[in-house]
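Reader: I have a model on my screen. Walk me through how its labels are earned.

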Amino acid sequence: LGDSNCQFLLGSYLIENGKDDEGFKLLQLSGQQGNIRAQISIAFELSDKNSPKYNPSIALLMLKQLAEDGNVDSMLKAAQLLREGPEGIDINLKESYNLYTKAMMKGSQDGAIEVAECLIEGYGVEKDNEKEIGRAS
């Protein structure tokens with residue numbers, strides 16, 4: 001299984017079928033070979049509270065890098081972690097808002113909804129009930 005796509009597919013399958021350790025090892029091999037889907041899967045697995053691999057600090061580091069590379073799903077997940085502040089992560093509403101904004105600017109409807117909520121509630125930005133209406137529509 002030297003092919004990163006095969007490693008990714010088999011690793012994902014194994015995780016879905018309860019073989020977390022075997023599947024995670026294959027995802028790591030695939031991710032180390034540059035498979036972006038594997039890297040995203042690893043980061044999301046690490047950010048899942050129900051995963052035996054749960055490690056939000058490492059997940060956030062990975063998600064931030066993937067977000068820098070333009071991955072919208074990673075922007076949204078990193079923003080969520082920064083907003084909620086699970087164990088080991090300091091809440092940073094401004095950085096969360098900035099990531100939601102980047103996702104929105106890349107066309108994400110979820111990003112637009114979160115930006116609107118941040119503006120309404122004043123999360124990481126000054127409250128602005130009128131500005132949010134124009135952005136979210």
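**How the labels are earned**

Author: Along the sequence, the protein chain reads α-α-α-α-α-α-α-α. This is a predicted model, in which local features need pLDDT of at least 70, side-chain atom pairs count only at pLDDT 80 or more, and totals for chains, interfaces and linings use all residues. Residues are numbered from 1 along each chain as its sequence is written, and side-chain values use heavy atoms, with hydrogens and water left out.

Reader: What makes a stretch of the protein chain a helix or a strand, and how many are there?

Author: Both are DSSP runs, numbered from the N terminus: H or I over at least four residues for a helix, E over at least two for a strand. The protein chain has eight helices and zero strands. Its C-alpha trace spans about 55 × 30 × 25 Å along the principal axes.

Reader: Why is S96 called buried?

Author: Buried means under 20% relative accessible area, exposed means over 50%, and partly exposed is in between (1.4 Å probe, protein chains only). S96 has a relative accessible area of 1%, so S96 is buried. S96 sits in helix α6, residues 93–105. Of the 137 residues of the protein chain, 40% count as buried.

Reader: What does S96 touch?

Author: Contact means heavy atoms within 4.5 Å. Not counting residues up to four places away in sequence, S96 touches A79, L82 and R83. A polar atom of the S96 side chain also lies 2.8 Å from the backbone oxygen of A79. A polar contact is a pair of N or O atoms within 3.5 Å; within protein, one must be able to donate a hydrogen and the other to accept it, and residues adjacent in sequence count only if both atoms are side-chain atoms.

Reader: Is S74 buried or exposed?

Author: S74 has 0% relative accessibility, so S74 counts as buried. S74 belongs to helix α5. Leaving aside neighbours within four places in sequence, S74 is in contact with I40, F44, L63, L66 and A67.

Reader: How do you know that the span of α1 is close to the one expected?

Author: The expected span is 1.5 Å times one less than the number of residues. Helix α1, residues 4–16, has 13 residues, and 18 Å is expected. From first C-alpha to last, α1 reaches 18 Å.

Reader: Which residues of α1 are buried, and why are they said to line one face?

Author: S4, Q7, F8, G11, S12, L14 and I15 are buried in α1. Seen down the axis, the buried residues of α1 fall within an arc of 165°, so they line one face of the helix. The arc is that of the directions from the helix axis to the C-beta atoms. The face turned away carries the exposed residues L9 and E16. The buried residues of α1 pack against α2 (20–32) and α3 (36–47).

Reader: What makes D3 a cap of α1?

Author: A side-chain oxygen of D3 lies 3.2 Å from the backbone nitrogen of N5, at the N-terminal end of α1. After α1 comes G18, with a positive phi near 85°.

Reader: How does α7 fare on span and face?

Author: The 13 residues of α7 should span 18 Å at 1.5 Å a residue, and the end C-alpha atoms are 18 Å apart, which agrees. G111, A112, V115, A116, C118 and L119 are buried in α7. They fall within an arc of 160° seen down the axis of α7, so they line one face of the helix. Q109 and I113 are exposed on the other side of α7. At the start of α7, a side-chain oxygen of S108 reaches to within 3.4 Å of the backbone nitrogen of D110.

Reader: What makes a set of residues a nonpolar core?

Author: The members are buried Ala, Val, Leu, Ile, Met, Phe, Trp, Tyr and Cys residues joined through side-chain atoms within 4.5 Å. The largest nonpolar core has 30 residues, and L27, L60, L63, L81, L99, Y100 and V115 touch the most other members. Two or more residues each come from α1, α2, α3, α4 (56–68), α5 (72–84), α6 and α7 (109–121). α5 gives the most, with six residues.

Reader: How many disulfides are there?

Author: Zero. A disulfide is a pair of cysteine sulfur atoms within 2.5 Å. C6 has a relative accessible area of 39%, so C6 is partly exposed. C118, at 1%, counts as buried.
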